[in-house]
Amino acid sequence: MIDSSTTLRPRDDVRFRLVGTECVIIRQDADEVLGLNEVGSRLFALIASGKPIDGAIDVLVAEFDVERETLADDVTAFLQALVAAGVIEIIPAAQP
Amino acid sequence: MSFGARFLVEPGRVAALLDGPACGGDEVTIGFADAAYRFTGLSGPQAAAIGRRYGILCDPPREVPVVSARVAHAPAAQFVVIDTRGWTLDLDLDYAPTRVRFASHGFAGAIDPASVEPGVLVVRDGDDESFLGALENFFRVAVAYRHLNAGGVLLHSAGLVDEGAAFVFFGPSGIGKSTLTGRGAKSGRAVLSDELNALRRVQGRDGPRIVVDQLPFAGDFGSVGVRDASFPVQGLFRLRQAATCDVTPLSPGQAVGMMLSCAPFVNGDPHRAGRLLDTLTLVCDTTPVRALSVSLDGDIWPLLRSTNGNA
């Protein structure tokens with residue numbers, strides 16, 4: 001389950017490049033190529049750089065004209081879709 | 001399923017298989033697209049068969065071989081017997097940082113993706129009939145990596161030359177590349193290949209541009225070609241089947257993604273994915289990539305000319 005404190009990362013078989021404002025993603029294990037639009041690409045780049053979800057939301061709120069609450073719902077849904085699609089995975093929290 | 005298990009009786013011993021004895025002492029060098037490929041360890045009949053198949057491209061006068069490969073043989077019993085009726089070629093590829101291995105019906109091989117160490121192709125004893133097919137499959141993989149190393153890319157595509165400039169139409173099998181090529185040939189346009197063409201970025205007088213090199217690999221249309229057959233690319237189009245002919249723009253991300261899916265062999269290699277993405281991004285930065293919808297009876301050429309005039 002994803003919440004605002006979750007940290008995610010691209011799966012091992014995923015390679016990606018930002019092309020202009022878009023992102024091209026290869027899922028090597030599945031022979032799949034995916035494309036993300038401008039906002040999706042920005043979010044994916046933030047997540048791939050290691051930002052936790054709430055940190056990524058902070059950045060997007062500053063960059064796009066959107067209310068935080070609305071954005072947070074959309075971001076969570078989008079990231080859940082990327083997890084389901086095998087593009088990203090949850091980094092398990094460190095054990096105490 | 002482990003690498004080679006579908007095609008090799010002892011897939012765990014593939015290293016020993018690839019270390020097999022040479023077929024003979026002959027060698028042939030084939031030159032095209034700014035590179036030369038030397039095959040050693042050939043039997044006399046194998047060398048003669050290559051000479052007949054690749055004709056004018058054999059034994060280039062000047063080029064230094066940039067890729068070499070040894071041809072070896074192994075007992076037929078080491079290859080799985082497959083009923084090939086209705087079978088289409090299926091290559092089992094195994095990617096590693098310093099080598100790419102492959103196996104298929106009656107042959108196996110390995111290449112150094114950096115084109116530094118010689119590759120090896122192992123064919124079945126007593127199967128001269130399939131030798132050229134095995135060699136060509138090895139050759140395609142080797143050429144794909146050689147082009148990637150040189151900053152280029154092979155595309156599953158049809159290439160046609162109209163008034164000195166090339167148009168490259170890419171897309172998956174069954175999308176209409178051969179149909180388009182056949183129509184182009186009928187209307188007098190030169191055919192590069194209806195199956196595989198090589199793109200690379202070169203520095204021109206007015207800045208970088210994309211050229212297409214003819215390859216000696218074709219399906220129903222195209223030929224061995226001529227040495228150094230290279231043409232400036234006037235248009236790069238992703239084919240679509242439709243009721244009417246139309247050209248529509250693609251975003252850079254769409255263009256890269258669509259070209260990526262048509263870059264054979266290397267697009268499944270996790271160790272070279274970054275290089276391939278960079279190469280395709282440069283191609284798309286250099287020349288527009290568009291979608292071309294083609295109808296069964298439509299003439300695309302007036303449309304292409306007007307589109308490129310407005311590029």
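**Close-up views of a predicted model**

**View 1. Nine rings of chain B gather in one aromatic cluster.** In this predicted model, B:Phe32, B:Tyr37, B:Phe39, B:Tyr54, B:Phe102, B:Phe107, B:Phe138, B:Phe139 and B:Phe217 belong to a single aromatic cluster. Take a moment to find each of them in chain B before moving on. Two members of the cluster, B:Phe102 and B:Phe138, return in View 4.

**View 2. Chain A is built from three helices and five strands.** In what order do the elements of chain A follow one another from the N terminus? They run β-β-β-β-α-α-α-β. The radius of gyration of chain A is 13 Å, close to the 12 Å that the globule rule gives for 96 residues, so chain A is as compact as a globular protein of that length. If you boxed in its C-alpha atoms along the principal axes, the box would be roughly 40 × 35 × 20 Å. Of the 96 residues in chain A, 35% are buried. Now look at contacts in chain A between residues at least 6 apart in sequence: 51% of these join residues at least 24 apart.

**View 3. A:Phe16 and A:Phe44 meet edge-to-face.** Over all chains, the count of aromatic pairs comes to 15. In the pair formed by A:Phe16 and A:Phe44, the ring centres are 4.9 Å apart and the planes make an angle of 90°. Which parts of chain A does this pair tie together? A:Phe16 sits in strand E2 (residues 14–19) and A:Phe44 in helix H1 (residues 38–48), so the pair links parts that are 28 residues apart in sequence. Is each ring buried or exposed? A:Phe16 counts as partly exposed, at 27% relative accessibility, while A:Phe44 is buried, with a relative accessible area of 1%.

**View 4. B:Phe102 and B:Phe138 form a tilted pair.** Here the rings lie 5.7 Å centre to centre, with 55° between the planes. B:Phe102 belongs to strand E5 (residues 100–104) of chain B and B:Phe138 to helix H3 (residues 128–149) of chain B, so this pair ties together parts that are 36 residues apart in sequence. Both B:Phe102 and B:Phe138 are buried.

**View 5. The surface and charges of chain A.** About 5300 Å² of chain A is exposed, and carbon and sulfur atoms supply 50% of that area. How many charged side chains of each sign does chain A have? There are 8 positive and 17 negative ones, and the centres of the two sets lie 8 Å apart.

Conventions
Residues are numbered from 1 along each chain as its sequence is written. Chains are lettered from A and ligands numbered from 1 in the order in which they are written. This is a predicted model: local features need pLDDT of at least 70, side-chain atom pairs count only at pLDDT 80 or more; totals for chains, interfaces and linings use all residues. Side-chain values use heavy atoms; hydrogens and water are left out. Helices (H or I, at least four residues) and strands (E, at least two) are DSSP runs, numbered from the N terminus. The radius of gyration is taken over C-alpha atoms; the globule rule is 2.2 Å times the number of residues to the power 0.38. Buried means under 20% relative accessible area, exposed over 50%, partly exposed in between (1.4 Å probe, protein chains only). Contact means heavy atoms within 4.5 Å. Accessible areas come from the Shrake-Rupley method with a 1.4 Å probe; for residues, only the protein chains shown count as cover. Lys and Arg count as positive and Asp and Glu as negative; His and the chain ends are not counted. The place of a charge is taken as NZ of Lys, CZ of Arg, CG of Asp or CD of Glu. Rings of Phe, Tyr and Trp (its six-membered ring) pair if their centres lie within 6.5 Å; planes under 30 degrees apart count as stacked, over 60 as edge-to-face and the rest as tilted.
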